[in-house]
Each structure stands twice: as structure tokens, then as C-alpha cells.
Amino acid sequence: MTTKSMTMKLCTYMGAIAGTMMFVGIWPVAHMFPPLDPSMPAAEVAAYYRSHQIGILAGAILIASSSVLFFPFLAAVATFMKKIEGPVSPLTWAFVMVVAFGFVTLFFAGLIFTAAAYRLDRPDAVVSALSDIAFLLFVMPAVPAFVQNLLTGFVILGDRRAQPILPRWLGYMNLWTGVLLLPGLAIGLFKTGPFAWNGALAFWMPAVVFGIWFNLMIVAMLGAIKRDALGGE
């Protein structure tokens, strides 16, 4: 295996590590999966933070740290896209710029979870407000994800090689993933129901779709690396 292939493989596995850290941080450590009920009174939100303080602080470290490790994985995706598009690659550059701010919200979600749990002698309303901001940052960035997936899908489907760099089914999957992540954009309008930040359409469907997309991207990318699809680039 060449040094280039080893680097691509390492960047791809970074994504798997990042996804695992984020999931472990938000679920068994912070106990924030699924998210707290948006209609929960401020006093109950503050009480939850007081009873789970250490777990939330530790989980927030994992969430914030995972946001950084996603970037090597996304750089590997961009490298495949650049190979497909060639020297003139506007969609790849657009992808790079979109993910640059789209995944930063995950880092800030970790920071705000920390701020909410850090000083629990604050008034309940302050703890609750900080918690709201953290969940909005965690669930709401659907538009960057939508655009990121559309760009990836268009580039993959635009590959006219006899043997595409990445399989065409991955392109269609990216387009559908982008569409199915969009309901998260509406969470600011609802506190109950399917579009609330813990609802079926705004949270559970995007969470499941993201998990499937993420794992299949890793499998497809590792397959392309194994057959040296980047060739002499």
C-alpha cells in the first residue's frame, strides 16, 4: 500500500472514530440521547443537569473533540470529489467551504453543553436557555448538511468513467440523505410533535439516515482506496 493510500485510509478511519466519540458522548456518557423534551419546564431541565453534571461535562468533551476528527474524514471525501471533477472543481471547493462551518456547530454544541453544566448554582432559566442553545446547535444545522450531501451526490453521479471512482448508488444515497436531513431545520418552530428537536421527523429520521449514510460512505471509500481508485493523483 502506498503512503497516499495509507493517508486516505487513516483519514477515513478518523471519521469512524469521530462518529463513535460523538455517539458515546451524547448517549451513554451525557445521557442526552434522545434530546431532552423541548417542552420540559426550566426547573426540570436544570434539575436534570444537576443530577447528570459529571456525565454531561464528560460527554461534552467527547462531542467537541469529535467535531475536529470529522474534518480529516471530510478531507478524504473532498479528495475523491476533486479526483472525479478534475482540475476545474467548483463543486468540490463549495463542499469544502460548506463543511468548514457546518461541522463547527458540533464543536459549539459541546462548548454550550459545558457552559450549561459548569455552574449549576445559576438560576434555572439560565441553565435551561444554555441547554436550548446547545440542542439547537446539535440538531438544527440541516441546511449545511443538505447542501454538502447534494454536492457530493452530484459529483459522484457526474463521474463518466467506465468504472466510477465511487459507486453511483452512493451518489443517489447522498441526494436522498440530504433531503431526509432537512426537517431538522424546522425545530425552532415546534416544541412538541414530529418536528420538535426530539421528534420523529426532525431528530429520529435524520439520526438514523445519518448513521446509515456515514457507515456506507466509509465502506465505499475504503473499497475505493483498496482498489487504488485515486491512481496517479
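**Entry 1: around N149**

I began with N149, and, leaving aside residues up to four places away in sequence, I found that N149 touches N174, L175, T177, G178, L181 and W213. I note at once that the model is a predicted one, and that every value here is computed from it. N149 itself lies in helix α7. I then looked up its accessibility: the relative value is 2%, and because buried means under 20%, N149 counts as buried. Among the residues touched I singled out N174, since the side chains of N149 and N174 are joined by a polar contact of 3.0 Å.

**Entry 2: helix α9**

W213, one of the residues that N149 touches, led me to α9, where W213 is listed as buried. I checked the length of this helix, which covers residues 200-226: at 1.5 Å a residue its 27 residues should span 39 Å, and the end C-alpha atoms are 37 Å apart, so the two agree. The buried residues of α9 include A202, F203, P206, V209, W213, F214, M217, I218 and A220, and further along M221, A224 and I225. For the spacing of such a list I keep in mind that an α-helix has 3.6 residues a turn, so residues three or four places apart point the same way. Looking for what covers the buried residues of α9, I found that the cover includes α1 (3-29), α3 (53-85), α6 (124-139), α7 (142-157) and α8 (168-181). Just after α9, I noted that D228 takes a positive phi of about 55 degrees.

**Entry 3: annotated spans**

I consulted the UniProt record, an unreviewed entry, which lists residues 12-34, 54-81, 93-113, 133-157, 169-190 and 202-225 under "transmembrane region". I compared two of these spans with the model. Residues 54-81 are 100% helix and 0% strand, with end C-alpha atoms 41 Å apart, whereas residues 169-190 are 59% helix and 0% strand, with end C-alpha atoms 34 Å apart.

**Entry 4: the whole chain**

I counted nine helices and zero strands in the protein chain. Taken along the principal axes, its C-alpha atoms fill a box of roughly 60 × 35 × 25 Å. The radius of gyration is 19 Å, and I record this as agreeing with a compact globule because 233 residues would then give a value near 17 Å. Of the 233 residues, 45% count as buried. Among contacts with a separation of 6 or more, 76% join residues 24 or more positions apart. The chain exposes about 11,000 Å², of which carbon and sulfur atoms supply 73%.

Technical notes. Residues numbered from 1 in each chain as written. Predicted model: local features only at pLDDT ≥ 70, side-chain atom pairs only at ≥ 80, totals over all residues. Heavy atoms only, no water. UniProt positions renumbered as here; feature names shortened; annotations may be inferred. Helix = DSSP H or I, 4+ residues; strand = E, 2+ residues; numbered from the N terminus. Expected span 1.5 Å × (residues − 1). Buried < 20%, exposed > 50% of the residue type's maximum accessible area, 1.4 Å probe, protein only. Contact = heavy atoms within 4.5 Å. Polar contact = N/O pair within 3.5 Å; in protein donor to acceptor, adjacent residues only side chain to side chain. Rg over C-alpha atoms; globule rule 2.2 N^0.38 Å. Areas by Shrake-Rupley, 256 points an atom, 1.4 Å probe, with all protein chains shown as cover.
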